[in-house]
Amino acid sequence: MTSSFRRPSAAGQVLVTGSLAFDQIMDFPGLFKDHILPEKIHMISISFLVSDFRKQRGGCAGNIAYTLALLGERPRILATAGNDFAEYREWLHENGVDVSSIVEIEDRVTASCFITTDMADNQITGFYIGAMERARDLSLAQSSRNGAAETRFAVVAPDDPEAMLRHCREGREAGLPVIFDPSFQVIALDGEPLAEAARGAKAVVVNDYEYAVFQEKTGLDADGLLELAEMWVVTYGEEGSEVLLRGGDKVKIPAAKAKEVVDPTGAGDAYRGGFVAGLMRGADLGVCGRMGSVAAVYVVEKYGTQSHSFSADEFWQRYRDNFGA
């Protein structure tokens, strides 16, 4: 890691649950919409000739923890990985992530994500679950007790759906502030489990599409969702983000500007890492969101979800360039 930030004044650690995966990232030098015929949507059979291919370290837990570590935290990952994970484990360890709670499954390979992005940043993704299917056997409650440092926040990121539900429940029962990040798993989970996972959370972090799906599946409006969780953080890509609070208050957060957009994959995970790093420091929500926005642009300027790096001076100069002091 190029540099580390001053640690928060209060001792503690972020426990991050979620997927560990290898991302197979491909670029399509065209537009998906030009090759998908509406009248044939019921029988799609399309092959895209891609112009670039890269295999990267990824998975939501790995991505979030990596950015947290860049921001001076010592996050601990609770997740499963496969028999091909040794090099990735060493990479995380070298970059400041606590890997002591990662369990390697000998008869499985690590989960893999296959992502194709077109020229308009639309994405088609396939995901092979691999060792992630065993994540439901891991106990967040036990891991939070066994950690070398007190767990101050538990991030429940996309994972095996049963594991996500277990980790949210155990975090709630243990009295831990849970940051629930359902992301693409809003598709896999029904309304009742989604509502139960969000119940009692410190925050739920979603993009605007996922927020709409969450409402549709649970049958709850914005006020109803705020009865489940203390706050909802909704991201809108280049239009910024906002934090929705009980009582109708909103904190609007502008987006940071990227120097160039190379690959958007993983920007949401970096935003979550930046936001939680702000919470660890006791920053106000506007600063938390801006930290997330700055962290996110570092990702979109590189290929891969863990290819970015920054020093403390670089990060805060970027913050000032976008948002002022």
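Let's start on one face of helix α10, where D313 and D321 are exposed. Keep in mind that this is a predicted model.

What about the opposite face of this helix? On the other side from D313 and D321, the buried residues of α10 are A312, F315, R318, Y319 and F323. The directions to these five cover an arc of only 135° around the axis, so they sit on the same side of α10. And what do they lean on? The buried residues of α10 pack against α9, which runs over residues 285–300.

You can also check the length of α10 for yourself. The helix takes in twelve residues, 312–323, and at 1.5 Å a residue it should span 16 Å; the C-alpha atoms at its ends are indeed 16 Å apart, so the two values agree. Just after α10 comes G324, and its phi is positive, near 85°.

Now move back along the chain to another pair of helices. Two packed helices are described by the angle between their axes and the distance between the axes. Here the pair is α5 (residues 191–198) and α6 (residues 208–218), which pack at an angle of about 115° with axes 8 Å apart. That angle makes α5 roughly perpendicular to α6. As for which residues touch, α5 brings G191, L194, A195 and A198 to the contact, while α6 brings F214, K217 and T218. If you look at how they pass one another, α5 goes by α6 in a left-handed crossing.

Conventions: Residues numbered from 1 in each chain as written. Predicted model: local features only at pLDDT ≥ 70, side-chain atom pairs only at ≥ 80, totals over all residues. Heavy atoms only, no water. Helix = DSSP H or I, 4+ residues; strand = E, 2+ residues; numbered from the N terminus. Expected span 1.5 Å × (residues − 1). Buried < 20%, exposed > 50% of the residue type's maximum accessible area, 1.4 Å probe, protein only. Arc of directions from axis to C-beta. Contact = heavy atoms within 4.5 Å. Axes fitted to C-alpha atoms, helices over the stretch in contact; angles between N-to-C directions. Parallel < 35°, antiparallel > 145°, perpendicular 65-115°, else oblique. Left-handed = near helix turned anticlockwise from the far one by under 90°.
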